[in-house]
Amino acid sequence: MTSFFSTTGVPPPSTPAPTNQTPPCAMDDLNLRLPLAIMYSLFFISGLVGNLAALWVFLFLRSGRNSMRVFLINCAVADLVLLACLPFRIFYHANGNQWLMGSLACKVVGNLFYMNMYISIMLLALISLHRYLKLRGGGKAGQRMRVTLWGRRCPFSWVACGTLWCLSLVALVPMIVTAEDKENSNQCFHFRRRSSNGKGKAAFNALLVLFFWLVFATMVFCYVKIASLLLRVSRERPDLPNALRYQRSAKKSFFVLFLFIVCFGPYHAFRPFYIFYQMIHAENCTTLQMVDQTNEVVLLLSAFNSCLDPVMYFLLSGSVRRATLQTLGHQLGKRFLFVQEGISNSSTTEFRRSSLPTIVLNTTSVAQSTLRRTSPKKAPPVNEMK
C-alpha cells in the first residue's frame, strides 16, 4: 500500500498523532443533584422567612440605636443577599447541572455567594468582639467606641460595617472580570483547575482561609472570656437576683460559637486541600470527583448558616425573642416556662430601659460588679442592652 501511494504521487492518508493528554474529568455529581436541590430549597425558604422577620423587628419594632442593632441588621442583609443566590443553584442542580446563563452570570452569582458568606463571618466576629468590650468596659464602653471620620465622631459599628461592605465590593470586581480557565461553559459551581490565569484567585482564596482561622481564634477568645466571667460571678455572687441567668448566658455564648464551628469550620478545614488539587495536574478522576463532592457538602453547611443566624438573633436579642413570641401568641408562653422567660428577660447583649420597676442584670452590670467589688448585699446598677 505504501509503495502504491509513492508511485502515484498521492500522499497517504494522515493518521492522528498519538497523544498523552487525557480527557478532562466530568464533574457531574449525579448522586448529589437532587439532594443539593432539595436542601438549598429548604435553606432558601427557612432562611428567607427568618431573616426577613428579624430585619422587620430590627427596623420597625426596636427603638434603640445601639451598635449591636447595627451589626445584626447588616448580618441579616448579608444573609438575604446570600439567599438570593440560592435559586440559581437550585435551578442549576434541578436542570441536571446544566448552566444556561453564560459564564459572566455564573461568576457573578458564585462570587456574590462567597462575598456575603465572608461578610457574615466578619460580622459575627465583630458581634463577639463588641460583646466582650462591652462587658469589660461597663456602661461607658459604648461612648468610647467611636471613630473620628471627616471631622465627625461616628459610631464604630457604622464605620466598621461600611468599610466591610466597601472592601468586599472592591474585592468582588476583579474576581468577576478576571478570566477563568474554560473547561465546560455549560457548567457552574463545580471543581475547576487553575492554570496561570487562576493562580491569583487561588492565592486570594488561600488568604481567605487564613483570615477565617484568625477570625475564629478571635471569637474563641472573646466568648471564652465572656463565659468565664459570667460563670465566675455566678459562683462568687450567688445572692444576686439573676445569678442563675449568668450561667444560661454563658451557655448561649458557647452555643453561638458552636453554630459558627458547625457551619464554617468544615468548609475552611477542607478548603486548603481543594485549592491544592486545583493547582496540581492530577490525572486521577476518582480523586478529583471526590474532592468536588466533598466541597459541595461542606459548602452546603456554610449556606446553612443563613438559616441559623435567626436562631442567634433569638438567643442574643431580647427584642427579637419578645416580638417572635408575641407573634406566635401568648398562649405558647403560658405553656412553656422557657418561652415565658424569653419574653421577660433580655440577654447579655441588650439594655433595658431604666424605668422598669424590676432589677434585671446583664453582662455589663456583671462586669461592673466584678471590677468594682461591690458588697454581696448591694446589687450592681441596672444597665442592660435592648
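**Cysteines, helices and a surface patch**

Q: Are Cys-106 and Cys-188 buried or exposed?
A: Cys-106 is buried, and Cys-188 is buried as well. Buried means under 20% relative accessible area, exposed over 50%, and partly exposed in between, with a 1.4 Å probe and protein chains only. The model is predicted, so local features need pLDDT of at least 70 and side-chain atom pairs count only at pLDDT 80 or more, while totals for chains, interfaces and linings use all residues. Residues are numbered from 1 along each chain as its sequence is written, and side-chain values use heavy atoms, without hydrogens and water.

Q: What makes the pair Cys-106 and Cys-188 a disulfide?
A: A disulfide is a pair of cysteine sulfur atoms within 2.5 Å. The S to S distance between Cys-106 and Cys-188 is 1.8 Å, and the pair therefore meets the definition. The structure holds one disulfide. Cys-106 lies in helix α4 (residues 102-137) and Cys-188 in the loop between α6 and α7 (199-236), so that the bond links distant parts of the chain, 82 residues apart. Helices are DSSP runs of H or I with at least four residues, strands are runs of E with at least two, and both are numbered from the N terminus.

Q: Why is the disulfide of Cys-106 and Cys-188 called right-handed?
A: It is called right-handed because the torsion about its S-S bond is about 95°.

Q: How do you know that Cys-161 is buried, and why does its sulfur form no bond with that of Cys-75?
A: The relative accessible area of Cys-161 is 3%, and the residue therefore counts as buried. Its closest cysteine sulfur, in Cys-75, is 9.5 Å away, which is too far for a bond.

Q: Why does Cys-307 count as buried?
A: Cys-307 counts as buried because its relative accessibility is 11%.

Q: What is the reach of helix α6, set against the expected span?
A: The expected span is 1.5 Å times one less than the number of residues. Helix α6 (residues 156-177) has 22 residues and reaches 32 Å from its first C-alpha to its last, close to the expected 32 Å. Its buried residues include Cys-161, Leu-164, Trp-165 and Ser-168.

Q: Why is Leu-34 called exposed?
A: Leu-34 is called exposed because its relative accessible area is 59%. Leu-34 lies in helix α2 (residues 33-61).
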